[in-house]
Amino acid sequence: MKCAGCVSAVERQLTGYSGVIDAQVNLLTEVAVVDCQANTVDPVALAKQLTAKGFPAQPRSSVAGTSPSTAQPTLTPAQRHEQEAREQVRRLVIASILIFFSILGHIGHWIDGLTLPVLSNIWFHWGLATVTLLVPGRPILVDGWRSFWQQSPNMNSLVGLGAFAAYAASCVALFFPQLGWECFFDEPVMMLGFILLGRTLEQGARRRASASFESLLALQPQVARLIGNSAGATPSSGERKKGWENESADAGTRGRGDAENGNITQNLAHSTQAKEATEQAGIEIPVEQVRVGECLRVLPGEKVPVDGEVVAGKSLVDESMLTGEPLPVSKQAGDKVTGGTLNQSGVIVLKVTRTGSETTLAQIVALIESAQTRKAPIQQLADTVAGYFSYGVLAIASVTFLFWYLVGTKIWPEVLSPMAGELAHSMPMSTSSLLLSIKLAIAVLVIACPCALGLATPTAILVGTSLGAERGLLIKGGDILEQIHKLDTVIFDKTGTLTTGKPTVTDCLPLAASSQMGDLTSHQLLQLAAAAESGTSHPLALAICNQAQQQQLPKLTAQDFYTEAGLGISALVENRRVLLGNAEWLSQQGVMIGDPVPDQVQHLVDAGKTLVYLAVDGVLAGVIAVTDVPRTEAKETVKILKNMGFRVMLLTGDQPNAAAAIAQNLLIAPKDVIAGVRPNDKAATITQLQNQGFRVAMVGDGINDGPALAQADVGISLNGGTDVAVETAGIILMRNCVSDVVESIQLSKATFQKIRQNLFWAFSYNALAIPAACGILLPGFGIALSPSAAGALMAFSSVSVVTNSLLLRRSKL
């Protein structure tokens with residue numbers, strides 16, 4: 001693909017295919033994301049049809065059922081770009097040599113008396129122009145003609161038509177001298193040379209723009225070191241090695257039984273055998289053949305092949321590719337490791353938990369690629385213009401030719417007089433109105449640049465999303481960038497977002513009502529609560545269970561669990577029905593809370609603690625107080641957001657007193673605190689704010705935040721949260737650090753500003769350059785653009801857009 005016109009043509013081809021619902025094409029990465037009906041579209045057939053239409057394509061992944069040995073080898077994107085770059089440089093070198101000889105042939109125009117007989121010969125310049133069109137310019141002419149034939153003209157169509165027209169007009173002047181026309185064989189030579197120079201510079205800038213993304217692709221290791229059972233396993237090491245050798249020879253298939261893999265994991269659970277496991281050499285296998293549940297050995301200096309859990313060994317792991325955090329993280333048995341991260345100091349053995357497209361790295365790559373194809377609404381105008389750009393330019397060139405040939409030279413006959421004040425390249429005007437009209441029409445064809453329109457948005461998004469990925473910020477697309485630019489309100493969830501999400505139990509308070517069941521001690525109260533809470537993974541439940549473990553309280557048996565999200569839990573503990581939850585929920589279950597509350601309870605309320613009420617067999621038995629401390633960076637984050645002009649709000653299902661205490665600590669105004677909101681009502685609360693005209697960002701991490709994140713104009717999820725929250729959010733913070741909310745908003749705004757600058761430049765360039773090429777300055781100022789000068793300006797316009805996007809890396813966020 002060469003320009004935005006190609007993008008529009010490819011999208012039309014794809015959406016016209018039976019079963020395809022929608023298609024998004026990225027000019028920069030040359031990737032198409034196709035949304036189609038299930039089991040209706042054959043990717044290979046679709047790629048073949050697109051190739052037949054002049055756009056070589058191939059499916060991203062091999063078709064199911066095709067083995068690696070039978071699949072045709074294909075180049076990776078990086079290899080293909082490298083090959084194209086070498087070819088582009090080769091054509092540029094040839095064009096530069098031809099331009100050099102063309103300039104030598106015209107040296108007499110600038111230095112009187114200095115002429116080179118052979119180089120000044122008109123037939124020599126005819127040869128230079130002919131070689132230019134047949135060698136470095138041939139791909140442009142062929143692709144341009146093919147695009148015309150396929151009824152989807154592109155940038156090459158315009159340049160090729162202009163170059164060929166200049167060559168053809170010069171040939172007519174050469175072979176029919178009686179017409180009195182001048183020959184300008186230097187124009188196609190110069191013009192194509194400038195075009196190739198611009199494209200080479202543009203290609204280099206594109207590669208720099210996509211370098212971060214390609215480096216992310218390169219993080220995936222190609223091999224993994226599979227280990228078998230350690231000493232004491234049923235098969236001997238010799239038998240296992242023999243088995244592996246047989247498997248390696250089995251046409252790429254591996255047929256080990258699942259029972260053996262289970263033995264590996266079980267044996268590694270024992271400390272002695274785990275130590276031995278780190279000393280096994282193992283065998284290297286392609287990472288594609290690794291299965292979930294197998295054990296891999298990772299040496300110092302090697303990358304972790306896939307996602308897994310450490311079962312033996314201890315090491316420091318560099319996770320900067322994932323979080324942007326430069327300091328390595330200590331890993332030992334029980335810790336999770338991510339594929340693509342770098343093992344630094346020790347040998348570790350990991351049990352595979354996710355492979356292939358399910359790994360964290362693969363999902364990040366897929367998310368970034370998806371982000372680069374999701375277009376910002378602001379780009380719709382550019383896409384609409386680009387779709388008809390080539391046709392419009394052809395029409396303008398035709399009108400320019402007809403105007404100057406039939407009307408212009410008669411109104412302003414002085415324009416036919418020789419002049420030397422033209423821009424960039426002296427263009428002595430012939431007395432022929434036909435030749436002047438042809439040159440101006442060629443200049444229009446060459447100077448028009450749909451490339452700048454097509455590159456304006458994808459280059460900025462590619463640089464912005466890649467820069468974000470380096471810093472642990474995943475932005476899901478151009479539409480998210482534009483929404484962030486319009487935000488005025490940022491809403492935070494409390495637990496796990498503004499707070500650490502690791503609450504602790506501070507008080508266990510038995511109440512007088514418990515005397516009906518006999519006196520309950522604080523330890524007994526905590527025992528009952530821990531047994532009931534063992535059926536859920538809510539942060540408050542974990543806090544209660546952890547407290548019971550720390551006090552080494554015996555576990556009570558519990559069954560018949562029932563959870564009402566965000567409100568409470570019910571369980572049968574030692575044949576007694578235990579209810580835990582907030583006061584409102586227990587009241588709904590028929591438990592008498594009592595009014596007024598005891599002084600001890602009121603003291604806990606005034607302290608801003610979260611209260612969990614416990615009832616046994618329908619009678620209130622006690623209260624457990626839990627507190628969750630704010631994150632260290634939360635207060636500064638709120639302050640910066642306020643200074644940026646945002647209204648910062650707190651939305652939580654917690655009790656009003658606890659929410660107010662946190663808000664006061666973080667300097668959030670009381671009127672901006674919405675507490676006691678049920679999980680299924682959070683989205684409705686955001687809808688109410690949106691109906692009032694607010695543009696809302698929601699920051700959360702829990703499964704209860706999923707609907708709210710989806711409802712908000714922009715959802716921001718901490719990666720430490722649930723898969724649901726990550727799936728529904730528009731921005732994912734990989735470092736699980738709330739201060740990254742500020743950085744993600746700043747990066748998004750800076751990226752969107754680059755998109756606006758690029759589009760402004762692209763539209764302004766064409767709005768000014770095309771009229772200048774039409775000859776609008778010729779009557780009053782005597783200035784006209786030669787075809788070669790037009791080619792130089794066109795090349796500069798594309799390079800400037802990509803370079804401006806690259807400047808985003810130097811922005812101080």
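**Strands, helices and loops in a predicted model**

Strand S15 (residues 558-564) pairs with strand S16 over 5 bridges, and the two run in the antiparallel sense. The model is a predicted one. Within this ladder, Gln 559 has Leu 572 of S16 as its bridge partner. S15 and S16 form a hairpin with 3 residues between the strands. There, Gly 566 takes a positive phi near 80°.

S16 also pairs with strand S17 (residues 576-581). This pairing is antiparallel and runs over 6 bridges. Leu 572 turns up here too: it stands opposite Arg 577 in S17. Leu 572 is thus a meeting point, with Gln 559 as its partner in one ladder and Arg 577 opposite it in S17. The S16 and S17 hairpin has 2 residues between its strands. Glu 574, in the turn, has a positive phi of about 50°.

How many residues of S16 are buried? The count is 5 of the 6 residues in the run 568-573, so S16 is largely enclosed by the rest of the structure. The cut-off behind that count is a relative accessible area under 20%.

Next comes a sheet. Strands of a sheet pair through backbone hydrogen bonds, in parallel or antiparallel fashion. This one is open, with 7 strands and mixed pairing. The order is S12-S24-S23-S22-S13-S20-S21. Its edges are strand S12 (473-475) and strand S21 (673-674). Each of these edge strands pairs on one side only. At the S12 end, 3 bridges join S12 to strand S24 (residues 731-733). S12 and S24 run antiparallel. Leu 474 stands opposite Ile 732 of S24.

S20 of this sheet leads on to a loop. Asp 654 lies between strand S20 (647-651) and helix H24 (656-665). Is Asp 654 buried or exposed? Its relative accessible area is 12%. That is under the 20% limit, so Asp 654 is buried. Beyond residues up to four places away in sequence, Asp 654 touches Lys 494, Thr 610, Ala 675 and Gly 676. Lys 609 is 45 residues from Asp 654 in sequence. In space, their C-alpha atoms are 9.8 Å apart.

Two other loop residues give a contrast in exposure. Asn 39 sits in the loop between strand S2 (31-36) and helix H2 (43-52). Asn 39 has a positive phi of about 60°, although it is not a glycine. At 84% relative accessibility, Asn 39 counts as exposed. Gln 552 is in the loop between helix H20 (539-550) and S15. Gln 552 is not a glycine either, and its phi is positive at about 55°. With a relative accessibility of 71%, Gln 552 is exposed. The limit for that label is over 50%.

Now the helices. Two packed helices are described by the angle between their axes and the distance between the axes. Take helix H16 (residues 450-470) and helix H28 (residues 740-774). Their axes come within 8 Å and cross at roughly 165°. Angles over 145 degrees count as roughly antiparallel, and H16 and H28 are therefore roughly antiparallel to each other. H16 passes H28 in a right-handed crossing. On the H16 side, the contact residues include Ala 452, Ala 456, Thr 459, Ala 460 and Gly 464. On the H28 side, they include Leu 747, Thr 751, Asn 758, Ala 762 and Phe 763. The contact divides into 11 nonpolar, 7 polar and 1 charged residues.

Thr 459 deserves a closer look. It is placed in H16. Thr 459 is buried, with a relative accessible area of 0%. Leaving out residues up to four places away in sequence, Thr 459 touches Leu 28, Asn 758, Val 801, Val 802 and Ser 805. Of these contacts, Asn 758 is one of the H28 residues at the H16 contact.

A second helix pair is H5 (residues 138-149) and H6 (residues 155-175). H5 and H6 pack at an angle of about 115°, and their axes are 7 Å apart. H5 passes H6 in a left-handed crossing. From H5, the contact uses Ile 140, Leu 141, Asp 143, Gly 144, Ser 147 and Phe 148. From H6, it uses Asn 156, Ser 157, Val 159, Gly 160 and Leu 161. These residues divide into 5 nonpolar, 5 polar and 1 charged.

Notes
Residues numbered from 1 in each chain as written. Predicted model: local features only at pLDDT ≥ 70, side-chain atom pairs only at ≥ 80, totals over all residues. Heavy atoms only, no water. Axes fitted to C-alpha atoms, helices over the stretch in contact; angles between N-to-C directions. Helix = DSSP H or I, 4+ residues; strand = E, 2+ residues; numbered from the N terminus. Left-handed = near helix turned anticlockwise from the far one by under 90°. Contact = heavy atoms within 4.5 Å. Nonpolar A, V, L, I, M, F, W, Y, C, P; charged D, E, K, R; others polar. Buried < 20%, exposed > 50% of the residue type's maximum accessible area, 1.4 Å probe, protein only. Parallel < 35°, antiparallel > 145°, perpendicular 65-115°, else oblique. Pairing = 2+ DSSP bridges.
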